[in-house]
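Welcome! Here is a short guided look at a protein and the molecule it holds. Take a moment with the structure before reading on.

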Amino acid sequence: MSKKILIANRGEIALRALRACKELELQTVAIHSSGDKELKHLRLADETVCVGPENPLESYLNIPAILSAAELSGANAIYPGYGFLAEDPDFSERCEASGFIFIGPSSNVIRKMGDKITAKDLAEDSDIPTVPGYKGEMPDNDEDIKKIAKNVGYPLMIKASAGGGGRGMRVVHDESTLISSIQLTRQEAKNAFGNDTVYFEKFIKNPRHIEVQIVADGKGSAIHLGTRDCSMQRRHQKIIEEAPALDVNEDSLTETLEACLRLCKNIDYSGVGTLEFLYENERFYFIEMNTRIQVEHPVSEMITGFDIVKAQLKIALGIPITLDQKEIIVRGHAIECRINAEDPETFVPSPGVISKMHPPGGFGVRFDSHIYSGYKVPPYYDSLLAKIITTANTRKSCIKRMLSALDEFFVEGISTNHSLHQKLLKDEIFCQNKHNINYLEESFIKK
Ligand code: MV4
C-alpha cells in the first residue's frame, strides 16, 4: 500500500492516526496551523504543511487550504479525526470531487445523519428503538400543535432537526410554555444552522448515555464492538467513559445491537460510527448517530483488541473487513479519563506552558496524548491534553488501576482537571455505577 494520508487534525487524535498509518506502512502528511509547529506528531510525519494561522477558521477548518496541501503533497486520502471538518458533508464531498478519498462514510450518509429527523427515520426503518415523539410537519394552528404535544405527553423536548450534540434543544414542562418555546427553538435553529425544522420527543429525565461502536466496510460486512457508557459528563462534554456499559438488560441490548448492524447494512454504511442512546428503565432510545471516530474510542479497542483507527484507514482504502461478529470477544473492562487543561472547579480553560510532566504507565495503562514537558497549550483549540485509559478484568479493578495511574501522572505549569478525576473515581455513586447524565452537574458538584 504505497498510499499517502493527509492528517487534517491536531493533538492526540492526529498522533493516534499517525501511529496507525505507520503500522500500515502508509506515508503521512501532517497539516498544522502556524501556532502548532511544535506538535509531537509533526516530528513523526513524513511531511508537514502549514495551512494557516492559529485561528482554526483559517487553518483546520479552511477547506481550500487543506485541499491545496493535499494536492501539493500528492496525498491520496484525507483523515479528518473528530471535531473540525469530520462531520461536514460539504468537506467530504469536496475531497472526493478533488480526487481524494475522504476517510469516513459517504457525504450522503454524513448529510443524512446530520439531519436528526432523517437519522431517526433511518433508525426506525431498521427497527432501532427511538424516543417516542412527533417528527411530522408542524401545523400552523397553535391548537393543533398543542394536541400533538399533549399526545406526546409532558415533559417533552423540542429539538432542532439540524441540531445535535446538545445544541438546539429545549425542555417543555406544560402547555403554557409550548408555543413560545417552539418559537425560541426555531429562531435559534434558524440563526445557528439556517434550518428551523423542529420535532418533539418525550423528555427522558434521568437516563444513562450508552453508545454502540460500529464498523462497516460498505461491502456487506458490519460488526459492532459493544457498548460504551458516557454518562459522566458536564454540559455535553464527556469526562469519563467506559466499556462495556454494565447493568444493562440483556434482551434489550441484544435487540439493539442487532438493529444497529441492520442499519449499517440497510444504508451501506462504510467506515466507523457511533449510535447514541439514552437508557432508562431497561430500555434503549436512539437519539443520534455520529459518523466519525470518537474521543472515547480507546475503551472499545481495549475490551476487544480491535484497532478502530486502522479499520478506518483500511476500509477507506477498499480493504474489506474479514472479521466476523463472533470473532469479536469482549474481555474485561476499560475506563478513560479525559485530562483537560482547565480549572478543576470552575472548568475555565487553562492554556500555557507545561513546565514539567510525567505520563502514567504500567500493566493495563494506556496514555493517548500529544503533550510533553515544555509543550505550550494554545488557547485556540479544545482543552483535551490526554486520555488515560486503564483496562482490567473487572470494573472495580479498573477503577483501582486508574487511581494508581492518576497518582503517577502529573502536569506542572497549568491547571488540569486531574483532581476532579481523583474525586470522581472515589465517589460512591460512581463506584456503584449508579450515576446518570445529570449526576455530575446536579449532585456531585454540590457535594
Ligand atoms: C434528550 C434528553 C432527554 N430526553 N432527549 C443531549 C445531546 C443530544 N445528543 C441529545 N441530548 C439529550 N436528548 C430526550 N428525549 C437528554 C439529553 C441530554 C443528554 C444526552 C446524552 C448525554 C448527555 C446529555 C446531557 C443533557 C441532556
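This is a predicted model. Let's start at the ligand, where a nitrogen atom sits 3.0 Å from an N or O atom in the side chain of Glu288. Taken alone, the ligand exposes 520 Å², and the protein buries 92% of that.

**Polar contacts of the ligand**
- The backbone takes part too: a polar backbone atom of Lys202 lies 2.8 Å from a nitrogen atom of the ligand.
- A polar backbone atom of Ile204 is 2.9 Å from a nitrogen atom of the ligand.

**The shell around the ligand**
- There are 18 residues around the ligand, and those that come nearest are Lys159, Glu201, Lys202, Ile204 and Glu288.
- Sorted by class, this shell holds eight nonpolar, five polar and five charged residues.
- At least two shell residues come from each of strand 7 (156-164), strand 9 (198-202), strand 13 (270-280) and strand 14 (283-290).
- The ligand lies between domain 2 (132-202) and domain 3 (208-444), because both give residues to the shell.

**The second largest pocket**
- Now for another spot to find: the second largest pocket has a volume of about 330 Å³.
- Its lining is made of 17 residues, and His224, Gly226, Leu253, Thr254 and Leu257 lie nearest its centre.
- Strand 11 (222-234) and helix 9 (250-266) are the elements that give two or more residues to this lining.
- Helix 9 provides the largest share, with six residues.
- By class, the lining of this pocket has nine nonpolar, five polar and three charged residues.

Note on methods. Residues numbered from 1 in each chain as written. Predicted model: local features only at pLDDT ≥ 70, side-chain atom pairs only at ≥ 80, totals over all residues. Heavy atoms only, no water. Near = heavy atom within 4 Å. Polar contact = N/O pair within 3.5 Å; in protein donor to acceptor, adjacent residues only side chain to side chain. Areas by Shrake-Rupley, 256 points an atom, 1.4 Å probe, with all protein chains shown as cover. Helix = DSSP H or I, 4+ residues; strand = E, 2+ residues; numbered from the N terminus. Nonpolar A, V, L, I, M, F, W, Y, C, P; charged D, E, K, R; others polar. Domains from an automatic or database assignment. 1 Å grid on protein atoms, 1.4 Å probe; cavity = no way out; pocket = protein on both sides within 12 Å on 5 of 7 lines; lining within 4 Å. Points joined across faces, edges and corners; volume = space filled by probe spheres on them.
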